[in-house]
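I opened the model to work through the surface and overall build of the chain, and then turned to one of its metal sites. My entries follow in that order.

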Amino acid sequence: MKNTLFKAAIESGKILKENFEGSFNIESKDVISNLVTEIDKKSEKKIIEIIKSDFPSHNVLSEEVGAIDKDSDVKWIIDPIDGTINYAHAIPLCCISIGVEKKGEVIMGVVYNPLSGETFFAEKGKGATLNNNKITVSTENEVSKSLLVTGFPYSSDKNPTKQLDVFSKIVSSDIPIRRLGSAALDICWTACGRFDGFWEYNLNPWDVAGGYIILVEAGGKITNFSNSEFNLYEKEILATNGLIHDQVLKIIQSV
Ligand code: IPD
Ligand code: CA
Ligand code: CA
């Protein structure tokens, strides 16, 4: 499965690279700011083609085409471009994210940014890597000295679960915070210690599946906003180095 995962990431990565800064069709989905480009669709087609040719009986869940159910206990969860708005604006902060779920558990994931050449990978029980070098989360244990990252949903509700209030509280506490525009990179950049923590509301399984296993294998902690077990199919994610987890939770829960 690892070979297929890498082949799918590399081949779709070529499509992103070839078309970056080019002209391509861009459409809005449910709301005007939620974009899909011709390149998302081409990337997705290539990834699914590769998976289908190696594992025709496996299930697929992919952002643009949805679920392809073959009644298998393996599911490939695909985001053909995470960070589509960045890609559409020629900002090289985006990636292809693919997670492999077996019997309801993510066992392998890749997050590849072809524009920076960074490949994050993890397999259950075997650690996490960035371009083949082992990665671990940061050792910062004070939220006041941390660098955090977040994102906001496209939905018309501008303040779901008080995300803006949490953001505002963090900014007014002088804690540095970033908003990259790619949840999969946010999680992986937390996994390799660039960020100390990430939270967001309303993500989908394809935004998170690849990064989830990378963060866990890098020694991070991931829960929902009630500190219960994280579930890919639910909407809340808090992913940290583990050491500042309770402190960020406290801020989220305080608003
Ligand atoms: C989006 C990105 C963004 C997050 C959005 C996602 P897309 O995915 O991950 O960082 O804030 O909620 O939908 O649309 O670029 O695949
Ligand atoms: Ca996404
Ligand atoms: Ca996407």
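I looked up the accessible surface first: the chain exposes about 11200 Å², and carbon and sulfur atoms supply 48% of it (Shrake-Rupley method, 1.4 Å probe). This is a predicted model, in which local features need pLDDT of at least 70 and side-chain atom pairs count only at pLDDT 80 or more, while totals for chains, interfaces and linings use all residues. Residues are numbered from 1 along each chain as its sequence is written, chains are lettered from A and ligands numbered from 1 in the order in which they are written, and side-chain values use heavy atoms, with hydrogens and water left out.

For burial, I noted that 52% of the 255 residues in the chain are buried, meaning under 20% relative accessible area with a 1.4 Å probe and protein chains only.

For the fold, I recorded 7 helices and 15 strands, taken as DSSP runs (helices H or I, at least four residues; strands E, at least two). The radius of gyration of the chain is 17 Å, close to the 18 Å that the globule rule gives for 255 residues, so the chain is as compact as a globular protein of that length (C-alpha atoms; the rule is 2.2 Å times the number of residues to the power 0.38).

Last, I examined the calcium ion (ligand 3), whose protein donors are Glu63 (OE), Asp79 (OD) and Ile81 (O), at 2.2 to 2.3 Å; donors are N, O and S atoms within 2.8 Å of the metal, or 3.2 Å for Na, K and Ca, and water is not among the atoms, so sites may look incomplete. Asp79 also coordinates the calcium ion (ligand 2), 3.7 Å from ligand 3, and both Asp79 and Ile81 are buried.

Notes
Buried means under 20% relative accessible area, exposed over 50%, partly exposed in between (1.4 Å probe, protein chains only).
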